[in-house]
Amino acid sequence: LQVQTRSMAQSAERRQLFPGCDVSLLTLGGAVLGGIDGTEAQAILDVADAAGISLVDTSSAYGASEAVIGRSSAQGLSVATKFGNACELNNHTQDYSVAHCAQALYHSMEQLNGKPIACLQLHSPPEHPSPLTPALVDLLDSFRAAGKIGSWGASVHTCNGGMVALAAGA
């Protein structure tokens, strides 16, 4: 009971993800949602929403996770999603190209059925050579300026990978 109460209190605490977007300290990892029964996935999203969790992390590489989130009746959920990692959408190869970024965003928007994309992230991008070319950064910035996403970033494995993303404007 103490652990549950502490977790509920933490999920109600909020932090600024970017100016104008406050999210819960606890985030729901959405990878599992794409591979389980829809009723169970909906129950997980409902419990997270009721607990005050306001951000779900997912990816086009997580099976039907985005579609499950998009069908959810849970209110107040924002999404951090990713593109570029090998998945069905990009023929199971890494693809951080401008063309794939645009394709992935519009696919995610369709799957999420109006749930706001708080953050679009490159999924496990290589550090060298960095796929964060000026053209890709311009595209990501244009998505943000147009209100399609709230912010952009990178889901990385190393501190240096994070520094590469930050230096590019993430």
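Is Cys119 buried or exposed, and at what relative accessibility? Cys119 counts as buried, at 10% relative accessibility. Buried means under 20% relative accessible area, exposed over 50%, and partly exposed in between (1.4 Å probe, protein chains only).

This is a predicted model, in which local features need pLDDT of at least 70, side-chain atom pairs count only at pLDDT 80 or more, and totals for chains, interfaces and linings use all residues. Residues are numbered from 1 along each chain as its sequence is written, and side-chain values use heavy atoms, with hydrogens and water left out.

**Exercise 1. Describe the confidence of the model.**

Step 1. Recall the scale: pLDDT is the predictor's confidence in each residue, from 0 to 100.
Step 2. Take the chain. Its mean pLDDT is 89, and 93% of its residues reach 70 or more.
Step 3. Take the elements. Helix α1 (residues 2-12) has the lowest mean pLDDT, 52, and α5 has the highest, 97. Helices (H or I, at least four residues) and strands (E, at least two) are DSSP runs, numbered from the N terminus.

**Exercise 2. Lay out the sheet and find its edges.**

Step 1. Recall the rule: two strands pair if DSSP finds at least two bridges between them.
Step 2. Write the order. Five strands form an open sheet, β3-β4-β5-β6-β7, with parallel pairing.
Step 3. Look at the ends. β3 (28-29) and β7 (151-155) each have a single partner strand, so one side of each is left without a neighbour in the sheet.
Step 4. Add a helix. Helix α5 (residues 134-145) packs on the sheet and touches β5, β6 and β7. Contact means heavy atoms within 4.5 Å.
Step 5. Give the angle. The direction of α5 makes about 135 degrees with that of β7. Axes are lines fitted to C-alpha atoms, for helices over the stretch in contact, and angles run from 0 to 180 degrees between N-to-C directions.

**Exercise 3. Follow the chain into and out of β6.**

Step 1. Pair β6 with β5. Strand β5 (residues 78-83) and strand β6 (residues 117-123) are parallel, with five bridges. Ala80 has Cys119 of β6 as its bridge partner.
Step 2. Check the cover. Seven of the seven residues in β6 are buried.
Step 3. Trace the way in. The chain goes from β5 through helix α4 (residues 98-112) to β6, a right-handed β-α-β crossover. Right-handed means that, with the strands pointing away from the viewer, the path from the first strand over the helix to the second runs clockwise.
Step 4. Trace the way out. β6, α5 and β7 make a right-handed β-α-β unit. β6 and β7 pair in the parallel sense over five bridges. There, His123 has Ser155 of β7 as its bridge partner.

**Exercise 4. Explain why Cys21 and Cys119 form no bond.**

Step 1. Know the bond. A disulfide is a covalent bond between the sulfur atoms of two cysteines.
Step 2. Set the cut-off: the pair of cysteine sulfur atoms must be within 2.5 Å.
Step 3. Count. The structure holds zero disulfides.
Step 4. Check the distance. The closest cysteine sulfur to that of Cys119 is in Cys21, 9.2 Å away, which is too far for a bond.
Step 5. Check the cover. Cys21 is buried, with a relative accessible area of 10%.

**Exercise 5. Pick out the unusual backbone geometry.**

Step 1. Start from the rule. Most residues other than glycine have a negative phi, and most peptide bonds are trans.
Step 2. Take His92, in the loop between β5 and α4. Its phi is near 60 degrees, a positive value. His92 is exposed, at 58% relative accessible area.
Step 3. Take Ser124, in the loop between β6 and α5. Its phi is near 55 degrees, also positive. Ser124 is buried, at 16%.
Step 4. Take the peptide bond between His128 and Pro129. This bond is cis, with omega about -10 degrees. Pro129 lies in the loop between β6 and α5.
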